[in-house]
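Me: I should like a close look at a single strand in this structure. Please describe how that strand is placed among its neighbours, and then set the description in the context of the whole protein.

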Amino acid sequence: MLPILRSRQLAQRCLTQNKRLLTPYSFATDRHGSMLNRASPPPIQVLLTESAGRGVFATRKIESGELIHTAKPVVSHPLLSSIDKVCYYCLKNTPKGSNFEAQKVLFCSEECREQAKGFYEVEKEADWSAFIAHCRTRSLKYPFLAKRLACMVISGVTSADSLNVFQPALLSPQIISQYPYLPKQNSVTNDISQMEEELDLLRCALEGSGMKTEHLSFLTIEWYTGVLSRIRINAFRIELAGGSSYEDLLTSAYASVESEASVGNAVYMLPSFYNHDCDPNTHIVWVENVDAKLKALRDIEKGEELRICYIDASMDHDARQNILSSGFGFKCSCPRCLSND
Ligand SMILES: C[S@@+](CC[C@H](N)C(=O)[O-])C[C@H]1O[C@@H](n2cnc3c(N)ncnc32)[C@H](O)[C@@H]1O
C-alpha cells in the first residue's frame, strides 16, 4: 500500500538520485487509467531503472509545486467503515439521504451512479453478507478491490488480466492481503487456504445471483492470488485532504497521520510505476475524491526519476527499513537511508 508523504520539512529537502535511463517501457492507458489532463501530455515517461524495476522519469524540467498529472483509478473501493459516508464510486464525502442513494450505498451524483453501472449492476444482484463478514472479522481491505474487479470483468468493462501490467508482490501469501500497518495483535494470517475460502465466498455470492458458470470461469485461485498480490504492492490508501491550496494539502495530509482519515483504497495505472524514496521529490494527493494528483515537491531536472514516499517518512531509519522490507519486499537504498538518517 502506498500512502502519502506527510512531512513539510521533507518536502523541502533536495536530494536527487541519478539513474541511468534504460529501455523505455511503453504503457497503455485504459479508460480507467487514463490521465485527466488531456490538453498536453504529462512531462514524464516510464523507463527501466537500474535496481528498482520500472520507474517514472521527467521528460523536461518540472517546477516545484507543479501539478505533474492527475489519474483516475483502475479500480477503487471504500473502506467498510466509510460505505455510509462516501460515494461508492468516487469516494467523495457524501451526506446520507442524498437523492442518489441506491440500496445500502451512496452515490454523490447521477454521473457517479451511471459510471458505477460497470460493476454495480452485477454486484447488487448478489448477497455479499458472508463475504463481507469474512473480511470484516479479519480486517481485510484488499478482497473488496478484487470483488469489484471481478464484477467489472463480468460486466465487460475491463478484462480479467487488467492488473497483469503491475508488479506482483514478492511476498509470502501470509502477508499478501494484509493491511501493512495493522498492529500485530490485530493481524490475521491470510494464507492460501484462507484466500481459497474468500474466493469461494466470492463465487458463491455471484452464483447465487444466477450468474452463469461460463461468466465466472476466470475466477480461479491463480487469478485471485495474482490480483491480490498486485493490489498488495500497488494499491494506495486514499486520504481526502479537502483543502484547495497546496499548503492546505500538505497541512491536512500531515494532520491525517493522527486521524487515520483513510476512506478507501485504489489502484492507478501511472502512479503505480512511481518508485519509493524516503526523501521524495513528488507527492500524491487526493483533494475531494479518488482522482489522484501528482505534484512536484521541489524542482526536478529533465531525466531525473520521480519518486514518492510509500510510508510515513517521519519514522526513523530502522522503522522505515523494516516496513519497506516486510511490507513491500525491498531494501531501501535511497540517499537518505544510505546516509543512515
Ligand atoms: C509500486 S511498485 C513501483 C513500480 C515498480 N518498480 C514496477 O516496475 O512496476 C513498487 C515496487 O517497486 C520496487 N521499488 C520501489 N521503490 C524501490 C526502491 N527505492 N528500491 C528498490 N525497489 C523499489 C519494489 O519492488 C516495490 O515492491
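Reply: The strand chosen here is β9, which forms a hairpin with β8, with five residues between the two strands. The model is a predicted one, and the description that follows should be read accordingly.

Strand β9 covers residues 292–296 and is mostly covered, five of its five residues being buried. Its side chains point in two directions: Ala292, Leu294 and Ala296 point one way, Lys293 and Lys295 point the other way, and all are buried. Burial in this strand thus extends to the two lysines as well as to Leu294 and the alanines.

On the hairpin side, strand β8 (residues 282–286) runs antiparallel to β9 and is joined to it by five bridges. Within this pairing, Val285 stands opposite Lys293. A further partner is strand β3 (residues 67–71), which pairs with β9 in the antiparallel sense over four bridges. Here Thr70 is the residue that stands opposite Lys293. Lys293 therefore serves as a useful point of reference, since it faces Val285 of β8 and Thr70 of β3 under the bridge criterion for strand pairing.

Elsewhere, an open sheet of four strands has mixed pairing and the order β1-β2-β10-β7. Because β1 (44–48) and β7 each have a single partner strand, they stand at the edges, and one side of each is left without a neighbour in the sheet. The partner of β7 is strand β10 (residues 305–308), and the two pair in the parallel sense over two bridges. His276 has Ile308 of β10 as its bridge partner.

His276 also belongs to the surroundings of the ligand. The ligand is surrounded by 17 residues, of which Ala52, Gly53, Arg54, Asn275 and His276 are the closest. Elements that give two or more residues to this shell are β2 (54–58), α8 (221–234) and β7 (275–276). By residue class, the shell holds seven nonpolar, nine polar and one charged residue.

In the protein as a whole there are eleven helices and ten strands. Of its 341 residues, 43% count as buried. Among contacts between residues at least 6 apart in sequence, 72% join residues at least 24 apart.

The largest nonpolar core has 85 residues, and Cys87, Leu145, Ala146, Val267 and Tyr268 touch the most other members. Helix α5 (residues 142–155) gives the largest share of this core, ten residues. In soluble globular proteins, nonpolar side chains tend to be buried together. Leaving aside residues up to four places away in sequence, Cys87 touches Lys92, Thr94, Leu106, Phe107, Cys108 and Cys112. Pro143 is found in helix α5, and it counts as buried because it has 25 C-beta neighbours inside 10 Å. Pro143 and Leu219 are 76 residues apart in sequence, and their C-alpha atoms are 13 Å apart in space.

As to confidence, the mean pLDDT of the protein is 82, and 76% of its residues reach 70 or more. Over residues 3–37 the pLDDT is below 50, although this stretch has 84 contacts in the model beyond near neighbours in sequence. Residues 249–259 also have pLDDT below 50, with 20 such contacts in the model. The model scores ipTM 0.99 and pTM 0.82.

Key: Residues are numbered from 1 along each chain as its sequence is written. This is a predicted model: local features need pLDDT of at least 70, side-chain atom pairs count only at pLDDT 80 or more; totals for chains, interfaces and linings use all residues. A residue is buried if 20 or more other C-beta atoms lie within 10 Å of its own, exposed if 12 or fewer, and partly exposed in between; C-beta atoms are placed from the backbone. A residue is near a molecule or strand if its C-beta atom, placed from the backbone, lies within 6 Å of it. Ala, Val, Leu, Ile, Met, Phe, Trp, Tyr, Cys and Pro count as nonpolar, Asp, Glu, Lys and Arg as charged, and the others, Gly among them, as polar. Two residues are in contact if their C-beta atoms, placed from the backbone, lie within 7 Å. A nonpolar core is a set of buried Ala, Val, Leu, Ile, Met, Phe, Trp, Tyr and Cys residues joined through C-beta atoms within 7 Å. pLDDT is the predictor's confidence in each residue, from 0 to 100.
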